[in-house]
Amino acid sequence: MEPARRGGAKELRLHIVTWNVGTASPPPDVTGLLQLNSLGPAMDMYVIGLQEVNSRITNFLSDLAFDDPWSIFFMTVLSPLGYIKLSSVRMQGLLLLIFVKHVHLPFIRDIHTQYTRTGLYGYWGNKGGVTVRMSLYGHTVCFINCHLPAHMENTEQRLDDFEKILEMQFEEENIPSTLAHDILFWFGDLNFRIADFGIHFVRESINNRRYNLLWEKDQLNMAKKKEAFLQEFIEGPLQFKPTYKFDLYSDVYDTREQKSLFWFNEKKRKPAWTDRILWRVKNLCQHTSKESNLSGEEQTISVTLNNYISHMNYGISDHKPVTGTFGLEMKPLLSIPSVTLSPEGEWSAEHDVLISYSAVHEFPSSAWDWIGLFKVTFKHVNDYVTYAWVKDDEISSNSDSKQVYMSAEEIPDMGGEFVLCYYSNNMQSIVGISQPFQIQPNRTLIEKDLAQEEISWMQKTDNLESHNEF
């Protein structure tokens, strides 16, 4: 579905998930978590931040060589719906995944990832942040998934670690600093607790749904009033139960006494809103309600929070996942794909096929650019069926367009629905995608298979008749 247009602006629907999964495997179903049955328009982008993904050495080494189970799980869910994994970054148990609808691929540039260790004085990655940044329709957007230090008394350490994560620099040149991005989303298991109030008052307030009584003693709310670097971050109202700490597979708060090294047991954990989603818009008006409208012609981008909830029916860990659904309204600074491409004529594996493409005048082409043939349900940029080098496999060229060929041997015999994508080596991203098209099955192969099946059937019949005569 195309994003909505309002006076030349685009509105993109963004769904952010944060979930401390406690080393568990993926659940059977995430329809509710991803709002796949929502009656509204489909999401344009999913941003999924996980903490405490299983990072034991055997699992981690396997995940370095292959995609981890959580990435595979979400790709399996989202790729049939027309989403591609745009980018991912992992640091031990921290994982950040970004999925986007195909239609937006040509307008997303300069994708870069980074991570910042803050555990064990910066030498260990069990705590810290993982970051993905990009240019989206010409606007810079950055996503940070964090896991900050635990325990009530470590508020200052949490703030210090987040400041360090914000100061992180990308390795590539000419990439703005984290706070210089037009939009910055900050989420994760931030581990802020509810100070001062006793566990019985906290639980009674929760049971009576009087969450507002607890807001003033939430450590993050308290810090936002004092710390200048936090004051530009916006968060929706905490109108859901604190998301930590629950008994597994239940909506009951921590009932187990924690065994101590001493003769007595530790107290049960006090519930807390540890799992949060915040955002910051640089030098622009910010909107936090559904009714907000663009104010003034000078505004080129705005963020609207449509939904901020927890999901109580997931119980694989002692945290409940939290999601935020946003509307990003922007005036596109980039509205024409760098490359347009399409298949020539009818495609099948019976003959070589042609691709026609054209690029905008300023496009920085490279000998390492390639065009990939993908199934319409492709999962990521390397999930191609085959590809052609745009220079080596070029057969004609003029000022308007160029043609590239693919050998019949590379075309799938069984046919199906496919798309073509142009990958730019200089931009390290897909800069053009075709409309879906059909590849016809290889009739010669099908006829051969039918003939072979007929021969096999005749042989079975002859054998049966011989057996009966005997």
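This is a short walk through one predicted protein chain, from its overall make-up down to single residues.

Before we start, please keep in mind that this is a predicted model, in which local features need pLDDT of at least 70 and side-chain atom pairs count only at pLDDT 80 or more, while totals for chains, interfaces and linings use all residues. Residues are numbered from 1 along each chain as its sequence is written, and side-chain values use heavy atoms, with hydrogens and water left out.

Let me begin with the whole chain. Its secondary structure comes to seven helices and 22 strands, where helices (H or I, at least four residues) and strands (E, at least two) are DSSP runs, numbered from the N terminus. Of the 470 residues, 51% count as buried; here buried means under 20% relative accessible area, exposed means over 50%, and partly exposed lies in between, with a 1.4 Å probe and protein chains only. If we take the contacts with a separation of 6 or more, residues 24 or more positions apart account for 69% of them, contact meaning heavy atoms within 4.5 Å.

Now to strand 5, residues 94-101. How many of its eight residues are buried? Eight of the eight are, so the strand is largely enclosed by the rest of the structure. Leu-94, Leu-96, Ile-98 and Val-100 point one way, whereas Leu-95, Leu-97, Phe-99 and Lys-101 point the other way, and all are buried.

Strand 5 has partners, and two strands are said to pair if DSSP finds at least two bridges between them. With strand 3, residues 45-51, strand 5 runs antiparallel and shares six bridges, and in that pairing Leu-50 stands opposite Leu-95. With strand 4, residues 83-91, strand 5 is also antiparallel, joined by eight bridges, and there Ser-87 stands opposite Ile-98. Strand 4 and strand 5 form a hairpin with two residues between the strands, and in this hairpin Gln-92 takes a positive phi near 50°.

A second hairpin can be found further along the chain. Strand 20 (residues 416-424) and strand 21 pair in the antiparallel sense over four bridges, with Ile-430 as the bridge partner of Tyr-423. This hairpin has four residues between its strands, and Gln-428 takes a positive phi near 55°. Strand 21, residues 429-433, is mostly covered, since five of its five residues are buried.

Let us turn to a helix. Helix 3, residues 155-166, has 12 residues and reaches 17 Å from its first C-alpha to its last, close to the 16 Å expected at 1.5 Å a residue, the expected span being 1.5 Å times one less than the number of residues. Its buried residues include Thr-155, Arg-158, Leu-159, Asp-161, Phe-162, Ile-165 and Leu-166. Seen down the helix axis, the buried residues fall within an arc of 165°, so they line one face of the helix; the arc is that of the directions from the axis to the C-beta atoms.

One of those residues, Ile-165, brings us to Thr-116, which is found in strand 6, residues 108-119. Thr-116 is buried, with a relative accessible area of 9%, and, leaving aside neighbours within four places in sequence, its contacts include Met-91, Lys-164, Ile-165 and Met-168.

What about the interior? A nonpolar core is a set of buried Ala, Val, Leu, Ile, Met, Phe, Trp, Tyr and Cys residues joined through side-chain atoms within 4.5 Å. The largest such core has 59 residues, and those with the most contacts inside it are Met-45, Met-134, Phe-143, Phe-185 and Phe-326. A second, separate core of 23 residues includes Leu-33, Leu-50, Phe-74 and Leu-78.

How many disulfides does a search of the whole structure find? It finds zero, taking a disulfide as a pair of cysteine sulfur atoms within 2.5 Å. Cys-146, at 0% relative accessibility, counts as buried, and Cys-421 counts as buried at 1%.

Finally, some backbone details in loops. A cis peptide bond, with omega about 5°, joins Tyr-244 and Lys-245, and Lys-245 lies in the loop between helix 6 (219-226) and strand 10 (275-281). Tyr-249 lies in the loop between helix 6 and strand 10, has a positive phi near 55°, and is exposed, with a relative accessible area of 65%. Asn-174 has a positive phi of about 65° although it is not a glycine; Asn-174 lies in the loop between helix 3 and strand 9 (183-189) and is exposed, at 78% relative accessible area.
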